[in-house]
Amino acid sequence: MNYAETLDWMFSRLPMYQRQGSTAFKKDLTNIKAFCEHLGNPHKSFHSVHVAGTNGKGSTSHIISSVLQTAGYKTGLYTSPHLKDFRERIRIDGKPVDQEWVVGFIEKHKIFLEQQGLSFFELTVGMAFEFFASQKVDIAVVEVGLGGRLDSTNILNPLISVITNIGLDHTQFLGETHEEIAFEKAGIIKANTPVVIGEHQENVLPVFEEIAQSLHAPLYVAEDLVKDPYQTDLTGSYQQKNCKTAVQALRLLPEQDFDITEAHIREGLLHVTLNTGLKGRWQLLRSQPKIICDTAHNKEGLEIVMNQLSKEKYEKLHVVLGVVNDKDLGTILSLFPQEATYYFCKPDIPRGLNAEELRNKSEGFNLMGNIYDSVSDAFNSAVQNASSDDFIYVGGSTFVVAEIDL
């Protein structure tokens with residue numbers, strides 16, 4: 001198989017949560033343990049930083065990686081989902097894994113993958129760990145996929161565990177309350193291993209403190225310890241929280257024999273997108289009209305993004321909006337501004353919510369607009385209708401942003 005055929009096989013044969021939803025979610029570690037055993041346990045051959053959280057875990061992972069690269073360390077980075085190309089999930093020093101390596105890996109392990117019945121995510125975690133080990137990275141920054149305790153990445157024994165924050169997302173898997181979700185994410189805390197909590201949330205901090213204390217894991221709350229703002233090339237207002245979380249984690253690495261200085265931190269924060277290829281976070285696509293896309297897709301993330309949007313100056317606001325079908329629309333549609341023209345669309349995945357249903361739900365919140373057959377049709381219509389002094393926002397789902405030319 002060539003690269004395209006290999007991807008087709010991966011996407012069609014292996015259950016993929018991002019596309020299919022709950023039917024692809026594996027809530028135990030049996031498969032990933034078996035796969036890594038089959039691979040020779042590659043995850044045991046490199047150092048790692050493990051990053052969980054409801055919002056900001058991807059950006060925080062990219063920030064940490066950028067600083068490590070700036071300090072001269074060969075740095076692996078595993079994140080999900082991807083926006084454009086599968087290989088975005090697995091990078092070393094910002095460069096995606098080679099197509100040929102992906103093809104060779106699947107060819108070598110295809111029979112095992114089919115027999116074991118791995119999910120798409122379990123495959124990608126094992127692939128990333130094998131790639132990082134084969135390329136002898138100094139350290140890898142690994143983002144949790146969903147939750148923490150039973151996420152496939154949770155076979156790592158990292159130098160530092162990081163939990164950015166807790167919000168009500170994926171409640172069908174992780175629990176209905178902040179405390180229940182915190183318990184699941186706290187599952188990445190390891191014995192005698194420092195854990196950084198990004199935000200001081202009174203209702204969930206006791207959950208982290210109790211588990212950390214039971215495991216003799218030193219606990220640091222970044223929001224309480226990192227007071228000064230940092231300059232960064234990431235323009236979303238929410239990125240300051242992620243920067244502080246990353247900075248606190250990075251400040252602990254010298255205790256693990258990594259030479260990370262304040263100069264490395266400041267330099268790395270200024271070049272995150274250049275160093276790691278991060279996209280889709282309050283990303284400017286065009287200036288006239290101003291077009292911004294953002295992957296925020298749950299209540300906590302959208303509250304911050306909509307607040308930043310409210311501070312923009314424009315003649316008219318155009319919103320290209322699509323979502324997946326397992327979102328609690330009532331909690332997110334109420335956050336969007338009513339004084340805007342909406343372009344409702346369905347992201348091109350099985351989990352995408354029908355655009356007509358989205359419009360019908362949105363009208364209950366006085367969000368008015370038309371239905372479009374695709375994200376590109378909606379986006380192109382918004383561009384055609386907007387004057388140079390208008391503002392276009394594209395979002396609602398990672399998969400909407402993924403269909404835009406970034």
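Four exercises with worked solutions follow, on the backbone and helix packing of a predicted model.

This is a predicted model, where local features need pLDDT of at least 70, side-chain atom pairs count only at pLDDT 80 or more, and totals for chains, interfaces and linings use all residues. Residues are numbered from 1 along each chain as its sequence is written, and side-chain values use heavy atoms, with hydrogens and water left out.

**Exercise 1. Cis peptide bonds**

Task: Find where Pro81 and Pro289 sit, and state the form of the peptide bond that leads into each.

Solution:
- Step 1. Start with the general rule: most peptide bonds are trans.
- Step 2. Check omega from Ser80 to Pro81. The value is near -5 degrees, and the bond is cis.
- Step 3. Place Pro81. This residue is in the loop between strands E2 (75-78) and E3 (90-92). Helices (H or I, at least four residues) and strands (E, at least two) are DSSP runs, numbered from the N terminus.
- Step 4. Repeat for Gln288 to Pro289. Omega is near -5 degrees, again a cis bond. Pro289 lies in the loop between strands E9 (283-287) and E10 (290-293).

**Exercise 2. Positive phi**

Task: Locate Asn192 and Asn366, then decide how exposed each one is.

Solution:
- Step 1. Recall that most residues other than glycine have a negative phi.
- Step 2. Read phi. Asn192 has a positive value, near 60 degrees. Asn366 also has a positive phi near 60 degrees.
- Step 3. Find the loops. Asn192 sits between helix H8 (178-185) and strand E7 (195-197). Asn366 sits between helix H16 (355-363) and strand E13 (369-371).
- Step 4. Apply the cut-offs: buried is under 20% relative accessible area, exposed over 50%, partly exposed in between (1.4 Å probe, protein chains only). Asn192 has 58%, so it is exposed. Asn366 has 43%, so it is partly exposed.

**Exercise 3. Thr245 and helix H11**

Task: Is Thr245 buried or exposed, and what does its side chain reach?

Solution:
- Step 1. Place Thr245: helix H11, residues 239-252.
- Step 2. Read its accessibility. The value is 2%, so Thr245 is buried.
- Step 3. Follow the side chain. It reaches the backbone oxygen of Lys241 at 2.9 Å.
- Step 4. List the contacts (heavy atoms within 4.5 Å). Beyond neighbours within four places in sequence, Thr245 touches Thr60, Val162, Thr164, Val196, Gly198 and Ala222.

**Exercise 4. Two helix pairs**

Task: Classify the packing of H11 with H12 and of H1 with H5.

Solution:
- Step 1. Set the terms. Axes are lines fitted to C-alpha atoms, for helices over the stretch in contact, and angles run from 0 to 180 degrees between N-to-C directions. Under 35 degrees is roughly parallel, over 145 roughly antiparallel, 65 to 115 roughly perpendicular, and the rest oblique.
- Step 2. Take H11 and H12 (residues 262-270). Their axes come within 11 Å and cross at roughly 150 degrees. The pair is therefore roughly antiparallel.
- Step 3. Name the residues. Cys243, Val247, Leu250 and Arg251 of H11 meet Glu262, Ile265 and Leu269 of H12.
- Step 4. Take H1 (residues 3-13) and H5 (residues 99-116). The axes are 9 Å apart, at an angle of about 40 degrees. The pair is therefore oblique.
- Step 5. Name its residues. H1 gives Tyr3, Thr6, Trp9, Met10 and Arg13; H5 gives Gln99, Val102, Val103, Ile106, Lys110, Leu113 and Glu114.

Key: Polar contact = N/O pair within 3.5 Å; in protein donor to acceptor, adjacent residues only side chain to side chain.
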